[in-house]
Each structure stands twice: as structure tokens, then as C-alpha cells.
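Dear colleague,

I am handing over the structure below, and after it I set out what turned up when I went through it. Please read the notes with the coordinates open beside you.

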Amino acid sequence: MLQFFSEDNWAVPSNFPPEIKQLFVDGLFEKAASDYQDFLVQEASKSLANYVNAIGLHVLPLMQSSARLTQITRDRVEDAVADGIVALEIPFAPQLHTRQGLSLNEVMDAVVAGLANAPIAVKLTICVLRHEDEKLARQLADLAIAYKTHVGMFDLAGDEKANPGVLLWWAKEALRVREHGIEPELHLWETDEPTDDDLVRLAEFGIKRLGHGMRGTRQLDRILEVCPSSNCVTGQVKNIAEHPIDNLLKQGMRVTVNTDGTLFTRSDLTNEYLLLNRYFNWGKTEFLAVNETALQHSSFSSSMKSELLAKLRQNY
């Protein structure tokens with residue numbers, strides 16, 4: 001990120017610490033990077049709103065060219081491989097990368113270029129945001145269909161407090177996308193408890209996968225993409241020891257373990273596993289179970305799932 005800011009003549013956010021720029025200019029790259037991450041983590045940890053705001057101020061401005069998007073996508077895959085991940089789903093909102101003139105198709109082309117020759121299986125998840133509208137949802141649905149070779153899921157994300165529940169204008173497009181083999185999912189029950197209306201609409205639209213989904217006890221058989229460290233950073237729980245993930249698994253919920261973002265959480269999947277082992281004594285049985293759930297309900301082809309499940313079970 002600091003390298004990108006330097007390439008952009010230090011066109012930085014108003015709250016960017018000047019001492020970090022000086023460290024970078026002086027060639028103290030590791031110190032500058034570490035201090036900058038400390039700053040970002042501190043900012044993001046103040047609230048979920050601050051977390052989202054930090055992305056808008058410090059991350060998205062650096063992701064507005066085709067070359068950058070290709071490089072960042074390639075770097076994300078390399079990081080996943082280094083973390084021991086054998087298959088990866090990358091959620092992102094293409095519309096957030098059009099601020100300097102890229103079209104939605106140009107954004108997708110750049111990201112797809114970053115996936116070229118990836119050593120692991122990768123699928124994209126296109127995210128519609130809760131504060132947006134039906135017109136943009138329709139454009140993103142068309143985009144998902146056009147790039148369905150690479151797109152596995154069609155998501156609804158964003159501020160659950162301001163725009164709660166299963167939004168019908170998104171669901172309409174999600175059902176259209178499903179006709180082309182792309183399943184819908186949505187971020188839900190990260191900040192709010194499940195409601196009767198949520199349950200009715202989830203059943204009506206046949207939505208099984210939920211981003212986060214960690215609040216309450218009404219998840220039933222839905223797939224919960226739980227992000228322990230992220231939930232701590234954004235203040236949804238006080239600490240890992242108080243996170244409900246262990247109770248959810250013990251109650252028979254279909255839990256998976258995820259990082260959400262790695263920058264603001266200082267985490268990767270290995271670290272999430274270490275935390276779950278330390279605080280809840282999770283071992284091979286639990287980790288195999290959550291990985292089987294993740295693969296079985298992933299957006300990869302049936303043959304790919306079978307191959308990956310066999311490899312997973314063999315290594316466990």
C-alpha cells in the first residue's frame with residue numbers, strides 16, 4: 001500500500017500519519033509498513049463503521065487501475081497458497097473500482113487476469129452493497145452472468161443496521177443469476193439477531209450461505225461463514241474467548257472458519273485456527289468438520305469438490 005501511495009505522489013487520506021511517509025521515504029520500509037498497519041488496525045477497531053470507512057479511505061483509492069487490480073489479485077492468491085489454502089473464494093464489489101474511469105467489464109478483466117495460472121482453484125463472489133439499488137444490482141447480476149466461468153456466488157453485503165434483512169430488490173436479481181448456475185448468499189446476522197422475516201425470506205429464496213451468521217440460535221441448516229478475528233476487531237464480540245463459534249459448532253450448526261479481511265485483523269486462516277485451538281481446544285476433528293462443510297458448500301464444480309475433499313481427508 002505504501003508503495004502504491006508513493007507511486008501516486010503521496011495523495012493520501014487526510015488522517016494519514018505523516019511520520020509513516022517519512023519512514024518510507026527514509027527507506028525504513030518494514031518499520032513504515034508495521035506502523036501503518038498498527039494505525040489501520042487501531043482505526044478499524046473503533047467500530048464497524050470505522051472498519052468500513054478505513055477501507056474507503058485507505059484501501060479503495062489504491063485499487064482503481066487495471067494494473068493494480070491484476071497485481072493485488074495475484075498477490076491475494078499467492079498469500080492464500082502460502083497460508084496452505086487449497087481453494088479460494090474471493091468476494092469483492094466491482095463497482096467500487098470504477099471511480100477513476102474503469103468500466104465494470106474492465107474491472108472484471110483485470111481481476112480475471114490476476115487469476116491466470118493460479119496454482120489453486122479460485123472463484124469470485126460479486127457483492128452488491130445494501131445501500132445500493134435495484135438498477136446497480138441488475139448491472140452486477142448481468143456482470144456475474146457474463147463472467148460466470150469465474151464467478152461462483154452473488155452476494156449482498158454492507159451495513160446491516162442501516163439496511164437490514166433480505167432486501168427484495170437484491171433477491172430478485174439473485175434469483176435471475178441462479179438460473180445461470182451462480183448461487184446467492186448474503187451477509188447477515190453479524191450485527192443483528194435473526195428475525196422471523198429473515199427466516200421467511202431466506203426460506204422463500206432458498207438461500208443457504210450466510211456471511212458471518214453468528215448471532216442468535218436460529219441458523220438451522222444454513223452455512224455460516226464465521227470470521228472470529230474480524231468480529232472482535234469490529235466490536236461484535238469482546239474477544240475470541242467470548243465468540244459464539246464454538247457453541248454454534250457444538251449445537252450442530254454448519255460452521256466454516258474465515259478471515260474476512262486480513263489487513264485490519266492481522267490474521268490469516270492459520271492464525272484463526274491457532275486461536276480456536278488455544279481458546280476452545282479445537283483439534284483435527286473440528287477442523288476437518290469445518291473444512292468439509294466449507295468445501296461441500298463452496299461454489300466449485302462437483303468434480304473439483306470431490307477431488308479437494310479426497311485430498312483434505314487424506315491429509316487429516
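The structure, which is a predicted model, holds 0 disulfides. C227 takes part in none, and the nearest cysteine sulfur to its own, that of C232, is 11 Å away. Seen from C232, the closest cysteine sulfur is the one in C227, and because a disulfide is counted when two cysteine sulfur atoms lie within 2.5 Å, the 11 Å between them is too far for a bond. C227 itself counts as buried, at 5% relative accessibility.

Charged pairs are the next topic. The count comes to 21 salt bridges, and I describe some of them here.

E7 forms a salt bridge with R68, with the closest N and O atoms 3.2 Å apart. Since E7 lies in helix α1 (residues 2–7) and R68 in helix α5 (residues 66–82), this pair ties together parts that are 61 residues apart in sequence. E7 is partly exposed, at 46% relative accessibility, whereas R68 is buried, with a relative accessible area of 11%.

K46 and E43 also form a salt bridge, and here the closest N and O atoms are 3.0 Å apart. K46 counts as exposed at 54% relative accessibility, while E43 counts as buried at 18%.

The side chains of D221 and R254 meet in a further salt bridge, at 4.0 Å from N to O; please note that the cut-off for a salt bridge is 4 Å. The pair links distant parts of the chain, with D221 in the loop between β5 and β6 and R254 in strand β7 (residues 254–257), 33 residues apart. D221 is partly exposed, with a relative accessible area of 35%, and R254 likewise counts as partly exposed, at 27% relative accessibility.

Salt bridges also link E134, R138, D142, K172, E173 and R176 in a network.

The loop that holds D221 also holds Q219, which lies between β5 (209–212) and β6 (223–226). Is Q219 buried or exposed? Q219 is buried, with a relative accessible area of 0%. Its side chain reaches the backbone oxygen of R215 at 2.9 Å, and, leaving aside residues up to four places away in sequence, Q219 touches W189, G213, M214, L224, L248 and M253.

R215 appears again among the contacts of E193, which touches D198, R215 and G216 when residues up to four places away in sequence are not counted. E193 sits in the loop between β4 (183–188) and α9 (196–205) and is partly exposed, with a relative accessible area of 47%. A polar atom of the E193 side chain lies 3.4 Å from the backbone nitrogen of G216. As for longer separations, the C-alpha atoms of E193 and L124, which are 69 residues apart along the chain, are separated by 28 Å.

Turning to the nonpolar interior, in soluble globular proteins nonpolar side chains tend to be buried together. In this model the largest nonpolar core has 86 residues, and the members that touch the most other members are L2, F154, W170, L186, V255 and W282. V255, to take one of them, touches L224, V226, I245, L248, L249, V290 and T293, again not counting residues up to four places away in sequence. Apart from the largest core lies another, of 7 residues, among them A121, L308, L309 and L312. L224 and L248, listed here as contacts of V255, are also touched by Q219.

Finally, I looked at helix α3 (residues 29–44), where the end-to-end distance can be checked against the residue count. At 1.5 Å a residue, its 16 residues should span 22 Å, and its end C-alpha atoms are 22 Å apart, which agrees. The buried residues of α3 are A32, Y36, F39, L40, V41, E43 and A44, and what covers them includes α1, α2 (18–25), α4 (48–59) and α10 (228–233). E43, which belongs to that buried set, is also the partner of K46 in the salt bridge described above.

With kind regards

Key:
Residues are numbered from 1 along each chain as its sequence is written. This is a predicted model: local features need pLDDT of at least 70, side-chain atom pairs count only at pLDDT 80 or more; totals for chains, interfaces and linings use all residues. Side-chain values use heavy atoms; hydrogens and water are left out. A nonpolar core is a set of buried Ala, Val, Leu, Ile, Met, Phe, Trp, Tyr and Cys residues joined through side-chain atoms within 4.5 Å. Buried means under 20% relative accessible area, exposed over 50%, partly exposed in between (1.4 Å probe, protein chains only). Contact means heavy atoms within 4.5 Å. Helices (H or I, at least four residues) and strands (E, at least two) are DSSP runs, numbered from the N terminus. A polar contact is a pair of N or O atoms within 3.5 Å; within protein, one must be able to donate a hydrogen and the other to accept it, and residues adjacent in sequence count only if both atoms are side-chain atoms. The expected span of a helix is 1.5 Å times one less than its number of residues.
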